[in-house]
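Okay, thanks for squeezing me in, everyone. Let me put the model up, and then I'll walk you through a helix pair and the sheet.

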Amino acid sequence: MSDPLTPEQRRKVMQGNRGKNTKLELAVRRGLHARGLRYRLHGSKSIGSPDIVFPRYGAVVFVHGCFWHQHSGCRLAASVRGKTHDRWESKFLANIERDARNIRAAREAGYRVAVVWECAVEHRKKMSALRDGTLEQLEQWLRDGASEQIIEIG
């Protein structure tokens, strides 16, 4: 199936994708703040540039979109077909490698790491039982400092 947009239209759409303060990230942050959890935003590169940092708990959270970070086995991480397939595959591979480096940097800096996937948040709905469950799981992990060092939610 060919792209219904012209190359110029596709370029503008792609430029609109943000790396920070995405709707997904904002949904997670709002939910954590409502639960009384206070955090810092967008940690330094020395700890892998996490989306959310909890200095009090020695923990960081990476909020990943399933498509861009290619969540394994997720329906939202649909593969790209067509003549641009190779370019997309190299982009996804670079994202996955960067994610692994960032998690490693956070661990080496002594932080516990959580990865929250888009499919576990349902950020497009105002009220969501799925998002509430995800936030509850994340809150419990944060407050229980002796628990797992790395978790994935989603």
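So, who touches whom here: from α2 we have A27, V28, G31 and L32, and they meet R131, L135 and L138 of α4. Sort that contact by class and you get 5 nonpolar residues, 1 polar and 1 charged. Keep in mind that this is a predicted model.

Now, how do the two helices sit against each other? α2 covers residues 23–34 and α4 covers residues 129–143. They pack at an angle of about 60°, and their axes are 10 Å apart. Anything from 65 to 115 degrees would go down as roughly perpendicular, so with their angle α2 and α4 come out as oblique to each other. As for the hand, the α2–α4 crossing is right-handed.

Okay, over to the sheet. There are 5 strands in it, the sheet is open, and the order reads β1-β2-β3-β4-β5, with mixed pairing. Out at the edges we've got β1, at 40–41, and β5, at 150–153, each of them pairing on one side only.

Let me zoom in on one pair. β2, residues 52–54, runs antiparallel to β3, residues 59–64, and 3 bridges join them. Which residue of β3 is the bridge partner of F54? That would be A59.

And here's where the helix and the sheet come together. α4, which we just saw meeting α2, also lies across β2, β3, β4 and β5. Relative to β4, which is 112–117, the helix runs at about 180°. So on my slide α4 turns up twice: with α2, and across those strands.

Technical notes: Residues are numbered from 1 along each chain as its sequence is written. This is a predicted model: local features need pLDDT of at least 70, side-chain atom pairs count only at pLDDT 80 or more; totals for chains, interfaces and linings use all residues. Side-chain values use heavy atoms; hydrogens and water are left out. Axes are lines fitted to C-alpha atoms, for helices over the stretch in contact, and angles run from 0 to 180 degrees between N-to-C directions. Helices (H or I, at least four residues) and strands (E, at least two) are DSSP runs, numbered from the N terminus. Angles under 35 degrees count as roughly parallel, over 145 as roughly antiparallel, 65 to 115 as roughly perpendicular and the rest as oblique. A crossing is left-handed if the near helix is turned anticlockwise from the far one by less than a right angle, and right-handed if clockwise. Contact means heavy atoms within 4.5 Å. Ala, Val, Leu, Ile, Met, Phe, Trp, Tyr, Cys and Pro count as nonpolar, Asp, Glu, Lys and Arg as charged, and the others, Gly among them, as polar. Two strands pair if DSSP finds at least two bridges between them.
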